[in-house]
Number of protein chains: 2
Amino acid sequence: MSKMADEKVISAPATGGGEDGLIAGDLSATEARVRPLETLLRAAPLGLCVAAMAVMLRDTQTNEYLVYANGLCAAYSLVSAFYTAVPRPATLSRSWIVFLLDQVFTYLILAAGAASAELLYLAYNGDKEVTWSEACGVFGGFCRQARTSVAITFGSVVCYILLSLISSYRLFSAYDAPMPSLGNKGVEIAAFPR
Amino acid sequence: MSKMADEKVISAPATGGGEDGLIAGDLSATEARVRPLETLLRAAPLGLCVAAMAVMLRDTQTNEYLVYANGLCAAYSLVSAFYTAVPRPATLSRSWIVFLLDQVFTYLILAAGAASAELLYLAYNGDKEVTWSEACGVFGGFCRQARTSVAITFGSVVCYILLSLISSYRLFSAYDAPMPSLGNKGVEIAAFPR
């Protein structure tokens, strides 16, 4: 309850408190089912990023950008998993912050994964026109480790994409629908088949 | 009205049609302001992707992945700009399709941009440990064009990120908020300062 005190804007249930009671109860039950899943999805990249980083760092040839990106994402996963694990009243400002950070880290880890995949492609195939020779014959150990690391990184990308979906759902479902034909909540959407 | 006929699920304004009238009016005014902006944002990557593709294709050294990704995005931009330009009743299934396609193309063009930026970095700096020599001394023309193309591609990335925001807002605002404290629409959110 003390947490609610600093939220001046959203905490006051101004209108329709009575009739919203049942719906709010149903929805917080949904929320209670989603929260463990979300916490798991937030904790998973922590393990994945640390693993991808460790695989890269064990080698003398490191791909620095991938290591930094994985390190940042591991730190973010740690913080956000703890943040999500504790049930707390959701507010618009918190939803915005989580949403924006999820977006940033999703794009960051995807960009790191794509750039590393390109590097790996070049290491395997070389580029004859630019006279870059295939490098995995010489650096076979590095290539195997880099391939593992990139594969693990794409695992984190999948987690982050799902997290982005959850946090954008959580944020934007707090707003009214911009379109009249979607504006009637409740009945139609509950009956929507897929 | 004939367009509404095939939408069995959402078109029936089952509850509260009377009191929703005013809100729906306000919201469709917002929608009317957002639509031209969205159409512009969807048309912009068309120009950007075609430009990025043209710059790459004028050269003998092409970066195929970037060309394909830009081509796909140009095609999607063309279709989705026409689709958005025509006002039509929004439905959940349409919102889901636009949302998912926007997500896919945002990630695709970002990955293409990141991979090309990595290639460009290598072309400028080489990688001494792997004995890849710096290539821009020899292929200066290619490097300048590739740099232009990558910069333009990141312009499209920005457009796509904004489009993803708009389409996820449009989709998820049609759902109920999962959290009780965000569930009361109208009053608090309208008064939210930023």
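1. A polar contact is a pair of N or O atoms within 3.5 Å; within protein, one atom must be able to donate a hydrogen and the other to accept it. The side chain of A:S149 makes such a contact, reaching the backbone oxygen of A:A52 at 2.9 Å. Note that this is a predicted model.

2. Stay with A:S149. This residue belongs to helix α5 of chain A, which covers residues 140-172. Its relative accessible area is 0%, so A:S149 is buried. Leaving aside residues up to four places away in sequence, A:S149 touches A:A52, A:V55, A:M56 and A:L66. A:A52 is thus both a contact residue and the owner of the backbone oxygen that the serine side chain reaches.

3. Now the overall build of chain A. The chain has seven helices and zero strands. Its pattern along the sequence reads α-α-α-α-α-α-α. Of the 194 residues in chain A, 48% are buried. Contacts are mostly long-range: among those between residues at least 6 apart in sequence, 79% join residues at least 24 apart. The accessible surface of chain A is about 9,300 Å², and carbon and sulfur atoms account for 69% of that surface.

4. The record adds an annotation. An unreviewed UniProt entry marks residues 65-84, 104-124 and 150-172 of chain A as "transmembrane region". How does the model treat residues 65-84 of chain A, as helix or strand? The span is 100% helix and 0% strand, with its end C-alpha atoms 28 Å apart. Residues 150-172 of chain A are likewise 100% helix and 0% strand, and here the end C-alpha atoms lie 32 Å apart.

5. There is a nonpolar surface patch on chain A. A:L78, A:V79 and A:F82 form it, with about 320 Å² of accessible area together. A:L78 sits in helix α3 of chain A, residues 64-85. At 40% relative accessibility, A:L78 is partly exposed, because that class lies between the 20% limit for buried and the 50% limit for exposed.

6. Salt bridges deserve a careful look. Over all chains the structure holds six. One of them pairs A:R42 with A:D102, the closest N and O atoms being 2.9 Å apart. This pair links distant parts of the chain: A:R42 is in helix α2 (residues 17-57) and A:D102 is in helix α4 (residues 92-125), 60 residues apart. Are the two partners buried or exposed? A:R42 is buried, with a relative accessible area of 1%. A:D102 is buried too, at 0%. The pair also belongs to a wider arrangement: A:E38, A:R42, A:D102 and A:R170 are linked in a network of salt bridges.

7. Turn to chain B. B:R42 forms a salt bridge with B:D102, at 2.9 Å between the closest N and O atoms. B:R42 lies in helix α2 and B:D102 in helix α4 (residues 92-125), so the bridge ties together parts 60 residues apart in sequence. Both B:R42 and B:D102 are buried. B:R42 has a second partner, B:E38, in a salt bridge of 3.0 Å from N to O. Why are B:E38 and B:R42 separated by about one helical turn? Because they are four residues apart in helix α2 of chain B. B:E38 is buried, with a relative accessible area of 3%. The figure for B:R42 is 1%.

8. Another arginine in helix α2 of chain B (residues 17-57) is B:R35. What does the side chain of B:R35 meet through a polar atom? The answer is the backbone oxygen of B:T84, 3.1 Å away. B:R35 has a relative accessible area of 16%, so this residue counts as buried, the limit being under 20%. Its contacts, not counting residues up to four places away in sequence, are B:T84, B:A85, B:V86, B:P87 and B:R88.

9. Last, B:A74. This alanine is found in helix α3 of chain B, residues 64-85. Its relative accessibility is 7%, so B:A74 counts as buried. Beyond residues up to four places away in sequence, B:A74 touches B:L46, B:C49 and B:V50. B:A51 is 23 residues from B:A74 along the chain, and their C-alpha atoms are separated by 9.7 Å.

How values were computed: Residues are numbered from 1 along each chain as its sequence is written. Chains are lettered from A and ligands numbered from 1 in the order in which they are written. This is a predicted model: local features need pLDDT of at least 70, side-chain atom pairs count only at pLDDT 80 or more; totals for chains, interfaces and linings use all residues. Side-chain values use heavy atoms; hydrogens and water are left out. Helices (H or I, at least four residues) and strands (E, at least two) are DSSP runs, numbered from the N terminus. Buried means under 20% relative accessible area, exposed over 50%, partly exposed in between (1.4 Å probe, protein chains only). Contact means heavy atoms within 4.5 Å. Patches are made of residues with over 30% relative accessible area and no salt bridge: like charges are joined within 9 Å, nonpolar side chains (Val, Leu, Ile, Met, Phe, Trp, Tyr) within 5 Å. Accessible areas come from the Shrake-Rupley method with a 1.4 Å probe; for residues, only the protein chains shown count as cover. A salt bridge is a side-chain nitrogen of Lys or Arg within 4 Å of a carboxyl oxygen of Asp or Glu. UniProt positions are given in the numbering used here, feature names are shortened, and annotations may be inferred rather than shown by experiment.
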